[in-house]
Amino acid sequence: MKEKSGNYQSDIHNSGYESEYLESMLESSDLINIAGRETESLNGKWNFAEDLYDTCRRAHWFRGESCGFSDAQVPLDYDWESWEPISVPAVWNLEKHELHYFEGSGVYTRTFHYYPKSKGERLILRFEGAAYRTSVFLNGKLIGTHDGASTPFNADISDAVKTFNRIIVVADAGRNPLRIPMENTDWFNYGGIYRDVYLVRLPQVYIKDWFIRLCPDGTFSNIIADIDIQGADKSYVYGKALLEIKELRIKQEIDISNGKGSVKVSAKPELWNPENPKLYDVEISFCKIDEFKASKQKDGGFKSSDNVKDRIGFREIKTKGQEIFLNGKKIFLRGVCVHEDHFALGKTTNPEIIRQTICDLKEMNGNYFRLAHYPHDGRFARIADEEGVLLWEEVPVYWAVAFDNAGTYKDAENQLCELILRDRNRASVIIWSVGNENADTDSRLGFMSALAKKAKELDDSRLVSAACLINHEKLKIEDRLSDFLDVIGINEYYGWYDPEFDKLPRILNNSNPGKPVLVCEFGGDARSGQRGSVDDLWTEDRQKRLYEQQTETFKKCSYIAGTTPWILYDFRCPRRLNRYQEKFNRKGLIDADRVTRKPAFYVMQKFYEEKKQIDCFPDTDVNADNSV
Ligand code: GCB
């Protein structure tokens, strides 16, 4: 603690001012599954100011909630109502030209009225995504701070809300070497509240979460449901939950004690798969133990105090030897990587964009996306469930994060948990990835193996992977993390960053991974419309040739179980400063306009057409012994 003098001014001489905001973090343990619940949107115009010196938090501006600028007795440096309106959700970088490279704190504020609809109801304030340290204030009080740009968070504001409310959100986009992601990435650092914000009303005791899936026992005949109930004091929540899946004639009572209940029910659901993305309507209701007897109804149901609805698909994903099996059938993952980056909207997206992205994948004969390098909007997995697309989802443990720092691990694990809790009821999601391109050091091994274990602990119905580096010295697929992964992901850029393409077939022949391998990245840059010979860098011709070489090589390798070239669309990237790139990574198979196909797109289309034929007539069953 620094010595303070008599004329110390705490709003100025306060370099450690941020710590008070980090005392109440909004974390995965607070996350409420709000799928299928009624929401009240807080999207729209908010007042906004770029607060380069973080004065709102430094000088506690948020405390002056009630007095407007005009009735203040002392001069104020802020003036909520006169601040320029800005859209929520949106990245500020594309809202105003001056904010294109702004990486400081943006202060957002708006008001709302609240009238309770039922006695004792709880009110939840939910953010689907804000970048990348966000402090939320309501009526002059700190509600909490969230770290991470791409996962949802919520706060129970029941005790702070009034009839007329002012909400203030400070979204700090400043890159930081100790956080996830760290300060150096190969994508654009968009800032702001860029995903939906809303209010959700809940009863006093409510269904906090549910995890409903096919039991991964190879029989396709059992469904497991875990239910989590939250009350004022979780440990005293006792009662009954009811799980109903009408189409499967399931109506199953579940005992809830200490806020938790689990059940395994036998059922023969039609299995979800890309050709037949069958989803079932699932309903869960809850009744407290002291109200249970009186609430019993003749049809076996009961009058519930809370209920939720979801649409869930049932499928099994497994590996055996060096192959991946979906519902017992061998599958080749015909994929492509995609960033959320959109030319006009940045990281903000909408259902039309997501559906168009899926159409582009299907045009390429694909069935699978690697959603790189951070959790994409939650609607992606929902729409993929409907459209029959498989997904790899990832947390931004990207490159050289501070693997030996305990706080960095906590941040990574929290984001992983938030992602898994958000999406583990989505059949489309088959792989959790714990990171990308991290050098094989001891501290990285400890950090990422712990993440892999955490993913398994939260979810036994999916595969765990990471996009690893190849051992370039030994020319071999070799990474100590592989022992903790179900599937080994590799990134390789032979023919591009390393011009000696022949190393790739040597590496593949030289390796015996013993597990399925996904080529998570390969490719090269081509400026759309740039022509030349196959030797000319940055041309479509060179990129096409590279894709031909790569796909021909993959065809000869038995343990490659899927591929995701880098990348579907060109994307903004401030590190890319040559005349062809002009601040874009140009490795897209489609231009940043999301329309213009480059010739390499059709090379992938042809490769996947061939792979699709094999998938249509599979000769391999998970029960057969296919070990190599
Ligand atoms: C990689 C990274 C990816 C980059 C890509 C590139 O290995 O995983 O984020 O954008 O290479 O274009 O260099």
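**Around the ligand and through the chain**

Reader: How do the residues of the shell around the ligand divide into nonpolar, polar and charged?

Author: Good place to start, and please keep in mind that this is a predicted model. The ligand is surrounded by 14 residues. Sorted by class, this shell has five nonpolar, four polar and five charged residues.

Reader: Which residues around the ligand are the closest?

Author: To be counted here, a residue needs a heavy atom within 4 Å of the ligand. Of the 14 that surround the ligand, the closest are D186, Y398, E437, Y497 and K587.

Reader: How far does a polar side-chain atom of K587 lie from an oxygen atom of the ligand?

Author: Let's take a few contacts together. An N or O atom in the side chain of H373 is 2.6 Å from a ligand oxygen, and for a polar side-chain atom of E521 the distance to an oxygen of the ligand is 2.7 Å. A polar contact needs two N or O atoms within 3.5 Å. For K587, the distance from its polar side-chain atom to a ligand oxygen is 2.5 Å.

Reader: How much of the accessible area that the ligand has on its own does the protein cover?

Author: Picture the ligand taken out by itself: its accessible area is then 320 Å². With the protein in place, the covered part of that area is 96%.

Reader: Where is the largest cavity, and which residues lie nearest its centre?

Author: Rolling a probe the size of a water molecule over the atoms reveals where empty space is left. Across the whole structure, such a search turns up four cavities of 30 Å³ or more, and the largest holds about 170 Å³ of space. Its lining of 15 residues has ten nonpolar, three polar and two charged members. Nearest the centre of the largest cavity are A149, P181, W187, F188 and N189.

Reader: What volume does the largest pocket have, and which residues are the closest to its centre?

Author: The largest pocket has a volume of about 540 Å³. Its lining is made of 28 residues, and the closest to the centre are I34, A35, E128, Y198 and R382.

Reader: Which element supplies the largest share of the lining of the largest pocket?

Author: By class, this lining has seven nonpolar, five polar and 16 charged residues. At least two lining residues each come from β19 (306-312), α4 (378-387) and α5 (406-423). The largest share is five residues, and they come from α4.

Reader: Why does a radius of gyration of 26 Å agree with a compact globule?

Author: The chain contains nine helices and 32 strands, and its C-alpha trace spans about 75 × 70 × 45 Å along the principal axes. A compact globule of 628 residues would have a radius of gyration near 25 Å, so there is agreement with the chain's value of 26 Å.

Reader: Which residue does a cis peptide bond join to P181?

Author: Most peptide bonds are trans. One cis bond joins V88 and P89, with omega about 0°, and P89 sits in the loop between β3 (84-88) and β4 (105-113). P181 is in the loop between β10 (164-172) and β11 (192-193). There, with omega about -5°, the cis partner of P181 is I180.

Reader: What is phi of H60 near?

Author: Most residues other than glycine have a negative phi. H60 lies in the loop between α1 (55-58) and β3. This residue is not glycine, yet its phi is positive, near 55°.

Conventions: Residues numbered from 1 in each chain as written. Predicted model: local features only at pLDDT ≥ 70, side-chain atom pairs only at ≥ 80, totals over all residues. Heavy atoms only, no water. Polar contact = N/O pair within 3.5 Å; in protein donor to acceptor, adjacent residues only side chain to side chain. Areas by Shrake-Rupley, 256 points an atom, 1.4 Å probe, with all protein chains shown as cover. Nonpolar A, V, L, I, M, F, W, Y, C, P; charged D, E, K, R; others polar. 1 Å grid on protein atoms, 1.4 Å probe; cavity = no way out; pocket = protein on both sides within 12 Å on 5 of 7 lines; lining within 4 Å. Points joined across faces, edges and corners; volume = space filled by probe spheres on them. Helix = DSSP H or I, 4+ residues; strand = E, 2+ residues; numbered from the N terminus. Rg over C-alpha atoms; globule rule 2.2 N^0.38 Å.
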